[in-house]
Amino acid sequence: MQIDADMRALAATLLDWYREMGVDTAIADEPVDWLAQGDAAPGAAFRLPSAAADRHADSLPPGGERLRPGGTPPSQVRESPPLFSPPQGERAVTSRADARPGFSATPPDAAELAARSLAGKAATLEELETALAAFDGCGLKATAKNLCFYRGVPQARLMIIGEAPGREEDLEGKPFVGRAGQLLDKMLAAISLKEENVHITNVVYWRPPGNRTPTPQEAQVCRPFLERQMQLVDPEVVLLLGGAAAKQVLGTTDGIMRIRGKWRQIEVGGHPVQTMATLHPAYLLRTPAAKRQAWRDLLAVQTALDQGSAS
């Protein structure tokens, strides 16, 4: 009996540790015996086949630099462009000195090249979703239950881009269906919009473990799909929710409080699109006093859509 009590106490301690690390849901119907996996790391099956990456990703060359994906030492990497064409009058991230912590300045690796090839072949959103479901180049897929592509209508005048799916989104397979999504729906209703009037998605399509912010590398490997998605949706206005989405789409290092509420232009499919960043609904749930700022941003979006209808 004492052994059983000790095992229960050990199991409770382990579960507490999992909770502190951000684990709040199982990702499979059956438990996995990781000890039987040998040296294979979790998510190893989701790596794209790349001989150079497989041989060198974890090795050190004679110079002592650890190789980046694709076999390139950090000292030899080239600069990477921002997610979309930078807005006029605003400086984009263009050098390693400007890069925010964790920003990947590597040239396109095998995963991003594969993503761009798959996305470019998609003629419809249905084909793009199929391509995403078959894409194994983003490590987030290894720890997520479902792909979260979009919610709303295929073509919309207003496209909304958030950061990443959360727990409820991961379970349901749709973006913005949890508490933040419910608040977003109320915000849209306040300017006479419904789910049937908008197209809602995220910078990445799978839930990051523990609801952490997606890394620039994770956003970069997903960006060919997002770019193609924007082309297919063909919006007149893009609303960016939160700092992570704004930084990725606008290619800026400024914080959300500095850039929110200001109109910028990005190029989508060769033509300019009005874009505004605002506060994320999840932040508004934590900081209700900030709702007045988000309300002003929404009124500006409503005015832009009304003017577009009148023109």
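Q: Helices (H or I, at least four residues) and strands (E, at least two) are DSSP runs, numbered from the N terminus. Which helix gives the largest share of the lining of the second largest pocket?

A: Helix 10 does, with four residues. A pocket here is an open set of points on a 1 Å grid over the protein atoms alone, where a 1.4 Å probe fits, with protein on both sides within 12 Å along at least five of seven lines, and lining residues have an atom within 4 Å of a point.

Q: And how far can I lean on the model?

A: This is a predicted model, in which local features need pLDDT of at least 70 and side-chain atom pairs count only at pLDDT 80 or more, while totals for chains, interfaces and linings use all residues. Residues are numbered from 1 along each chain as its sequence is written, and side-chain values use heavy atoms, leaving out hydrogens and water.

Q: Back to that second largest pocket, which residues lie nearest its centre?

A: They are Ala180, Asn211, His280, Ala282 and Arg286, out of 26 residues that line the second largest pocket. Helix 5 (167–172), helix 6 (179–190), helix 8 and helix 10 (281–286) each supply at least two residues of that lining.

Q: New topic: what is the order of the six strands in the open sheet?

A: The order is 1-3-2-4-6-5, with mixed pairing, where two strands pair if DSSP finds at least two bridges between them.

Q: Why is one side of strand 1 and of strand 5 left without a neighbour in the sheet?

A: Strand 1 (151–152) and strand 5 (264–268) stand at the edges, so each has a single partner strand.

Q: How many bridges join strand 2 to strand 3?

A: Five bridges link strand 2 (residues 158–162) with strand 3 (residues 198–202), and the two run parallel. Met159, for one, has His199 in strand 3 as its bridge partner.
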